[in-house]
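Colleague: Could you take me through one part of this model in detail? I would like to follow how the strands of a sheet are arranged and what packs around them.

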Amino acid sequence: MIWRVLADHADSMKEQHLAQLFATDPQRFAHLHCECGPLLFDYSKQRLTEQTLETLFQLARQSKLEEWIGKLFAGEPVNCTEGRPAMHWALRLPRDAACQVDGDDITAQVHEQLDRMERIVNKLHSGQWRGVTGEVVTDVVNIGVGGSDLGPLMVSDALCDSVMPTSSRLTMHFASTMDGSQLSQLLRTLNPHSTLFIISSKSFTTIDTLSNADTARHWLQHTLGSKPGVAHCHFLGVSSAVAKMTEWGISEEHQLQIWDWVGGRYSLWSAIGLPIALKVGMDGFRHLLAGAHLMDEHFKSAPWESNLPVLMAMIGVWNTNILGINAQAVLPYDGRLKHLPLYLEQLEMESNGKSVTREGKPVEHHTCPIIWGDVGPNAQHAFYQLLHQGTEAVTCDFIMPARRYHQSHDEVMEELVAQHELALANCLAQSRLLALGDAALKEPESMPSYQRYRGNQPSSTLLLDELTPYSLGALIAMYEHKVFVQSVIWGINPFDQWGVEMGKRLAVDTLARIRGETRELVGADSSTVGLLGRILGEG
């Protein structure tokens, strides 16, 4: 069995330190890196050899990976528990691409919505969108949660250097928390006469989002009155539930549509990405889509030996299932990517945090590791101590752009270039020390034990030419396809999230108890009863 072969191979390598692997093969980087467009993927600091990769590819063949990739891009219902395809890749197709599923022209549908987005973006950028009292909209608040918040927020912040000039100030804000804390702080600073809200919810039933939306509506009505023009001028909706948007009060011309075949955490490429387009313009948004499409085509056609998503996924399987490393840190060395670790936490752990196979049986292997991280320079002062000298094995993804702040005679710009160089140096130094340990130092034998570094901590480095809409699109799509490959190996469905549903249902009954609509919470444990008593002042 191939799993046994991999385990035996790992046993034969367990005495080989990464420092030894590099010393044995001076061309290790040349042999163990590959590129796609603006991305370079260096996996030479992973604890593996070319023989390891060939055995992992045997596992992929045994798992029928090529067949599953074909099913994904053919629009087959790979989301088996909900009977749906997963066609986020179709959102990135160019206008002239042919894509029909069950008689529907998917490409035409997608570009119709992109054209609607463009009209909205142009109207806001030109200062032609006005509130009910005639003032130009200067602030846009995206109200959403999960994929309707994390993706647009992450990309909007990451592309701050690609902001599209507008005729007047236009500032994006985000509110997601169900307790209203983010929204309440925003509303203290905003002018209702010039604020527009985007209500983003695939189902338009998510209580977190609708609670914030209702609060926003009441805030507007308090100042502007309750006439119908308030909702018309101050709200946009993005959802697959057109009727529910209309019932809530959003006019048809201010509705954008997504489809059931787009999962929430894969939806930033759709109209859910309207905040991104407002930030970087539709040309910038289309470059984001183009970068992702480049990765889609690469994933479909590149040999596995040079296929970035396949390599990243199979290396992850090696680390999780064979080496027993159950934690992965995402470490971008660029402050613009500060939300990327959180975004990837949702993408990976909500997709592959499963313990039941597609056939409804318990899984036989560990699935998704714990994903966590932070901006690298900050993380160095937070948890790198554990990475270097702790007792837990952690694999790391280092992410950095090679260039930023183009050379200039401006003194401030020169200082910023120097700071970017400092970040690059730290990224390379940290990954080197994690891999080589004491071998990276001069005369380590003279150091006391508490200053020694064991090394042999595996990591990969993703180097972007620059952080642009195009390169970021490729980067995100690479992680999406990595998740899919791993789901195939583990035999699970990465496109549902039933694990989060029951807690929401229990919350409905608990809310009724908190609001006094019922005197008893049926089936509650003593902890919940005791805490409710304290909250309600009953004990």
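Modeller: Happy to; here is the sheet, followed by its helix and then a pair of packed helices. Please keep in mind that this is a predicted model.

Let's begin with the strand order. The sheet is open and has six strands, arranged 1-2-13-12-10-11 with mixed pairing. Its edges are formed by strand 1 (33–36) and strand 11 (370–373), each of which pairs on one side only. Going from one strand to the next, the twist averages 20°.

Within that order, have a look at strand 10 (residues 327–332) and strand 12 (residues 395–401), which pair in the parallel sense over five bridges. A handy place to find this pairing on your screen is Val330, which stands opposite Asp397 in strand 12.

Strand 12 also leads us to a helix. Helix 13 (residues 308–322) lies across strand 12, strand 13 (459–464), strand 1 and strand 2 (39–42), and runs at about 25° to strand 2.

Now for the helix pair. Helix 7 (residues 147–158) packs with helix 12 (residues 274–301) at an angle of about 80°, and their axes are 10 Å apart. An angle from 65 to 115 degrees counts as roughly perpendicular, so helix 7 and helix 12 are roughly perpendicular to each other. On the helix 7 side, the contact involves Gly151, Pro152, Val155, Ser156 and Asp157, which meet Pro275, Ile276, Lys279 and Leu288 of helix 12. Sorted by class, this contact has five nonpolar, two polar and two charged residues.

Conventions. Residues are numbered from 1 along each chain as its sequence is written. This is a predicted model: local features need pLDDT of at least 70, side-chain atom pairs count only at pLDDT 80 or more; totals for chains, interfaces and linings use all residues. Side-chain values use heavy atoms; hydrogens and water are left out. Axes are lines fitted to C-alpha atoms, for helices over the stretch in contact, and angles run from 0 to 180 degrees between N-to-C directions. Helices (H or I, at least four residues) and strands (E, at least two) are DSSP runs, numbered from the N terminus. Angles under 35 degrees count as roughly parallel, over 145 as roughly antiparallel, 65 to 115 as roughly perpendicular and the rest as oblique. Contact means heavy atoms within 4.5 Å. Ala, Val, Leu, Ile, Met, Phe, Trp, Tyr, Cys and Pro count as nonpolar, Asp, Glu, Lys and Arg as charged, and the others, Gly among them, as polar. Two strands pair if DSSP finds at least two bridges between them.
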